[in-house]
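This report describes one protein chain, starting from its largest pocket and moving on to selected helices, single residues and backbone geometry.

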Amino acid sequence: MNIMTKYVVFKNQPEFRQASLQDLLYCDDDTDFDDGLKQRDLTGTRTFNVYDTWRYRKSVNIYKIIEELERFNKNTEHLREVDRHSLYYTFYIPKKTRGYRKIDAPNADLMLALRYLKSIFEEKCVGYKSIGGFTTQLFALYHTAAFAYIKRRGTVDCLRKHQKNDSNWYAKFDLSNFFGSTTLEYTMQMFSRIFPFSEICKYTTGRNELEKALELAFLDGGLPQGTPISPLITNIIMIPVDFELYNGFRNFKCTDRNGEEREQRCVYTRYADDFIVSSRLDFKFKEAQEYINSVLAKFNAPFKLNEEKTRYGSRSGSNWNLGLMIGQDNKISLGHARKKRLKAMISNYVMDKKSGVRWPLEVIQEMDGLRSYYYMIDSEGADGMMAYLSNRFNVNIMEEIKNDLRAA
């Protein structure tokens, strides 16, 4: 008898409240009655570790998913008959620190196939129900601690979890060759523990079709970076690991600087292969590192921490995480160098425009993208910079940027 526990991930649901007669009679025209929806993180999830997932089956059509996988495999047989390397274009991009990152980009046919497989997972495997006349998604394919490759989530959202805790001490851990080390065997092992894939795997046909479909997403025994489905697969297989680490660090037993063991709350988040653990109190990051390694070993993970890249420090130092700075005042910022670069870039743009020099569209888009990113992190600071530069050059810079982007 298989008593291995399974993981079910529920998506946070919107909250509604009924408008009273007083609301309807005396509210402003722009009053938003579903303010609860705004206050709740609708990208968040709740994960449960259970022995029986049968009760959730009525929410997802398992037989329909298996049929979709069978159809997908039949329609992509021609891609399996050729050398897998011939379906990819390989190139390299520089990393932020040093070295180069290998990118394997699929050709048009394989890209279309992998996008379709991704849509099967994202549309058929999440379940839907009607709440208050609205159709809402029931399940999610990522743990709430994951922030990479998820709509309406990013690096800023990831760091805000630590900021909200008012964390002062940060440890950053990095997985070594995360994508390349992820094997098909391990992927199937983890998929079989995550609903609804666990239900699909109960049937011999379902398991075979799922494994055959997933195999098309692999290259040289690992997940290639550059396909539309690799990020989704990694978020799914990391659900059990994220679950254990997220809950384990919430009440983490560690040794303080006086050599005494204590229990403290730590915040854990993951952005792709970057783990961040933070706390208000100083903690021994080596013990946190050992705990992460123990969880990876528990699930027989084929990847491991690159301990040479582990960093630990406080907000009073150079506290860079995911390309952003959390300063001593607990505020997230781009950092002085990047703000200086943006300011110089906008100034050059205005001066060239006044001189009749037109910038290429992609450069304007890069500049406006950085400005938007700055605004998302620190709206007051970004508005202040734009107001200062507009007054300095006596021109509405935002209007000029919008006009150039519209004209392209």
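## The largest pocket

The lining of the largest pocket draws at least two residues from each of strand E3 (88-94), strand E4 (100-106), strand E7 (169-176), helix H7 (178-181), helix H11 (230-237) and strand E14 (320-321). E4 gives the largest share, five residues. In total 43 residues line this pocket, and Lys95, Arg101, Asp174, Asp273 and Lys309 lie nearest its centre. The space in the pocket is about 1,600 Å³. A pocket here is an open set of points on a 1 Å grid over the protein atoms alone, where a 1.4 Å probe fits, with protein on both sides within 12 Å along at least five of seven lines; lining residues have an atom within 4 Å of a point. The volume is the space filled by probe spheres set on the points, which are joined across faces, edges and corners.

The model is predicted, so local features need pLDDT of at least 70 and side-chain atom pairs count only at pLDDT 80 or more, while totals for chains, interfaces and linings use all residues. Residues are numbered from 1 along each chain as its sequence is written, and side-chain values use heavy atoms, with hydrogens and water left out.

## Overall build

The protein has 17 helices and 16 strands; these are DSSP runs numbered from the N terminus, with helices (H or I) of at least four residues and strands (E) of at least two. Its C-alpha atoms fill a box of roughly 75 × 65 × 60 Å along the principal axes. Of the 408 residues, 48% count as buried, that is, under 20% relative accessible area with a 1.4 Å probe and protein chains only; exposed means over 50%, and partly exposed lies in between. Among contacts (heavy atoms within 4.5 Å) with a separation of 6 or more, 71% are between residues 24 or more positions apart.

## Three helices

In helix H6 (residues 155-164), the residues Thr155, Val156, Cys158, Leu159 and His162 are buried. They lie on the same side of H6, because they cover an arc of only 160 degrees around the axis, taken from the directions from the helix axis to the C-beta atoms. An α-helix has 3.6 residues a turn, so residues three or four places apart point the same way.

Helix H8 (residues 184-191) is largely enclosed by the rest of the structure, because six of its eight residues are buried. These are Leu184, Tyr186, Thr187, Met188, Met190 and Phe191. They pack against helix H5 (108-124), helix H9 (197-200), helix H10 (204-215), H11 and helix H12 (239-250).

Helix H15 (residues 361-377) has 17 residues and should span 24 Å; its end C-alpha atoms are 24 Å apart, which agrees. The expected span is 1.5 Å times one less than the number of residues. The buried residues of H15 include Ile364, Met367, Asp368 and Arg371. Among the elements that cover the buried residues of H15 are H6, helix H14 (336-354) and helix H16 (379-393).

## Two buried residues and the cysteines

Leu175 lies in strand E7 and is buried at 1% relative accessibility. Beyond its neighbours within four places in sequence, Leu175 contacts Asp273, Phe275, Leu296, Phe303, Lys304, Leu305 and Asn306. Ala148, in the loop between strand E6 (134-137) and H6, is also buried, with a relative accessible area of 1%. Not counting residues up to four places away in sequence, Ala148 touches Asn235, Arg270, Tyr271 and Ala272.

How many disulfides are there? With a disulfide taken as a pair of cysteine sulfur atoms within 2.5 Å, the count is zero. Cys125 is in none, and the nearest cysteine sulfur, that of Cys201, is 11 Å away. Cys125 is buried at 0% relative accessible area, and Cys201 is buried at 13%.

## Backbone geometry

Most residues other than glycine have a negative phi, and most peptide bonds are trans. The table gives residues that have a positive phi.

| Residue | Phi | Place |
|---|---|---|
| Asp166 | about 60 degrees | just after H6 |
| Tyr149 | near 65 degrees | loop between E6 and H6 |
| Asn394 | near 55 degrees | loop between H16 and H17 |

Tyr149 is partly exposed at 46% relative accessible area, whereas Asn394 is exposed at 71%. A cis peptide bond, with omega about 5 degrees, joins Phe195 and Pro196; Pro196 sits in the loop between H8 and H9.
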